[in-house]
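Visitor: I would like to go through this model term by term, asking each time what a label rests on. Could you show it to me before we begin?

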Amino acid sequence: MVKHVKTKKKDAEKAKKKILEASAFDTRYQLQKDKNFIYFPVKKDVDGLKLVDKRGVKQSKKVTSLKEVLIKHLTKTEMAELVSSFDIIGDIAIIEIPPLLEQKKTLIGQALLEAHSNIHSVFQKKSGREGVYRTIPLELIAGENRFETIYLEHGVRLKLDVSKVYFSVRLSEERKRIASLVENGEHIAGLFAGVGPFPLVIAKTKQCKIYAVELNPIAVNYMKQNIILNQKKLKGQIVPIQGDAREIVKTIPKCDRVLMPLPKGAADFLDSAINVCKPNGIIHFYQFAKDDSLYEDATKKILNAAKKAGRKATIINKKVVRPYSPRMSQVVLDFKIT
Ligand SMILES: C[S@@+](CC[C@H](N)C(=O)[O-])C[C@H]1O[C@@H](n2cnc3c(N)ncnc32)[C@H](O)[C@@H]1O
């Protein structure tokens, strides 16, 4: 039996205040109600309140991990196969299901819904990213059949369709890093802008003008909506432009900074990025690289492209942005162009 303060419903607020002031709540148990009374579980007497002994109802243990839910349903081998890393974009989860667990994917999807009350849809990755727009083929395995969601990052709201545009939560820290480097007054060419996460995170804190260039018309449409969604919070101005970065850079003014977040293929656009960059401007170049030679290939490409353009490139920073596969990482090289 557990001690409970028994109080009439109309006096419940006053009783609750007294119990809180006395630090007497027994948080292992739930509050109970019947037609006329409320019962607060307490661990000691509270002055002025009537106590009764009553069977306690334990607080249900909050399930916090997918594995915790699945341990009841999968074998040890299956558990070991489960890729427990999955991405959550807004209220949508995207998970890779290993071949051995294909038959159990509905169960896994349901478990994700159970473990995370903020998730409403679970999609399975059917393959890696595809095509020029870098999208992932997805199949619904649990929850609502809805691809559109809103993701919150660094105080910016990003609306997007997870099946029709590129978006990665794993670049969040990199977006913050770039925003911290930007100075007020800069003009920026934000190439390969997607639904606008780099431009929006930058414009949230810096008074600058960003030409945000993206080929995928659906992503540009979301970027336009995202600018409106965040308009009141933005210090900077974003100009969304749909088209091929190579062509668009010929039509915009020279910039102080150029972003090139296209790790598969940005090298083909180095000449365009260098041409649109003012002397002493900075270019952020992204690439996938083997872990045993992270920067060699990118450095060579950057120096060659600068030489061809009759300019000089000086690498000022290089770092790993995130792991990409067992032996590869996404890297960024920041370089000054004079
Ligand atoms: C790796 S994603 C990065 C998107 C965005 N910056 C982000 O972090 O979410 C690359 C983007 O470049 C776009 N893209 C591919 N080729 C392009 C081109 N020639 N010109 C402009 N955008 C292009 C793709 O549609 C895709 O949205």
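Visitor: Why is Ser65 called partly exposed?

Guide: Ser65 has a relative accessible area of 28%, and since buried means under 20%, exposed means over 50% and partly exposed is what lies in between, with a 1.4 Å probe and protein chains only, the value leads to the label partly exposed for Ser65. This residue lies in the loop between β4 (51-54) and α2 (66-70), where helices (H or I, at least four residues) and strands (E, at least two) are DSSP runs numbered from the N terminus. The C-alpha atoms of Ser65 and Lys308 are separated by 53 Å, the two residues being 243 apart along the chain.

Visitor: What should I keep in mind about the origin of these values?

Guide: This is a predicted model, in which local features need pLDDT of at least 70 and side-chain atom pairs count only at pLDDT 80 or more, whereas totals for chains, interfaces and linings use all residues. Residues are numbered from 1 along each chain as its sequence is written, and side-chain values use heavy atoms, with hydrogens and water left out.

Visitor: Why does Asn145 count as exposed?

Guide: Its relative accessibility is 60%, and therefore Asn145 counts as exposed. Asn145 is found in the loop between β8 (138-143) and β9, and it touches Phe123 and Leu140 when residues up to four places away in sequence are not counted, contact meaning heavy atoms within 4.5 Å.

Visitor: Why does Phe198 count as buried?

Guide: Phe198 has 7% relative accessibility, so it counts as buried. Its place is in helix α6, and, leaving aside neighbours within four places in sequence, Phe198 is in contact with Glu174, Arg175, Ile178, Leu259, Pro261 and Tyr286.

Visitor: What makes helix α6 largely enclosed by the rest of the structure?

Guide: Seven of the nine residues of α6 (residues 197-205) are buried, and the helix is therefore largely enclosed. Those buried residues are Pro197, Phe198, Pro199, Leu200, Val201, Ile202 and Ala203.

Visitor: How do you know that the span of α10 agrees with what its number of residues should give?

Guide: The expected span is 1.5 Å times one less than the number of residues, so the 13 residues of α10 (residues 296-308) should span 18 Å, and the end C-alpha atoms are indeed 18 Å apart, which agrees. The buried residues of this helix are Ala298, Thr299, Ile302, Ala305 and Ala306. Seen down the axis of α10, they fall within an arc of 135°, so they line one face of the helix, the arc being that of the directions from the helix axis to the C-beta atoms. On the other side of α10, Glu296, Lys300, Lys307 and Lys308 are exposed, while the buried residues pack against α9 (270-276), β15 (277-290), β16 (313-325) and β17 (328-337).

Visitor: What puts the buried residues of α7 on the same side of that helix?

Guide: The buried residues of α7 are Ala219, Val220, Tyr222, Met223, Asn226, Ile227 and Asn230. They cover an arc of only 160° around the axis, which is why they are placed on the same side of α7. These residues pack against β9, β10, α6, β12 (209-214) and β13 (237-242).

Visitor: What is notable about the phi of His154 and of Asn280?

Guide: Most residues other than glycine have a negative phi. His154 has a positive phi of about 50° although it is not a glycine, and Asn280, likewise not a glycine, has a positive phi of about 70°. His154 lies in the loop between β9 (148-153) and β10 (156-161), whereas Asn280 is found in strand β15. At 29% relative accessibility His154 counts as partly exposed, and at 47% Asn280 counts as partly exposed too.

Visitor: Which residues come nearest to the ligand?

Guide: Of the 20 residues around the ligand, those that come nearest are Phe192, Glu214, Leu215, Asp244 and Ala245, where a residue is near if one of its heavy atoms lies within 4 Å.

Visitor: What makes the approach of Asp244 to the ligand a polar contact?

Guide: A polar contact is a pair of N or O atoms within 3.5 Å; within protein, one must be able to donate a hydrogen and the other to accept it, and residues adjacent in sequence count only if both atoms are side-chain atoms. An N or O atom in the side chain of Asp244 is 3.0 Å from a nitrogen atom of the ligand, which means that the pair falls within the 3.5 Å limit. A polar backbone atom of Ala245 is 2.9 Å from a nitrogen atom of the ligand. The protein covers 97% of the 600 Å² of accessible area that the ligand has on its own, such areas coming from the Shrake-Rupley method with a 1.4 Å probe, and for residues only the protein chains shown count as cover.
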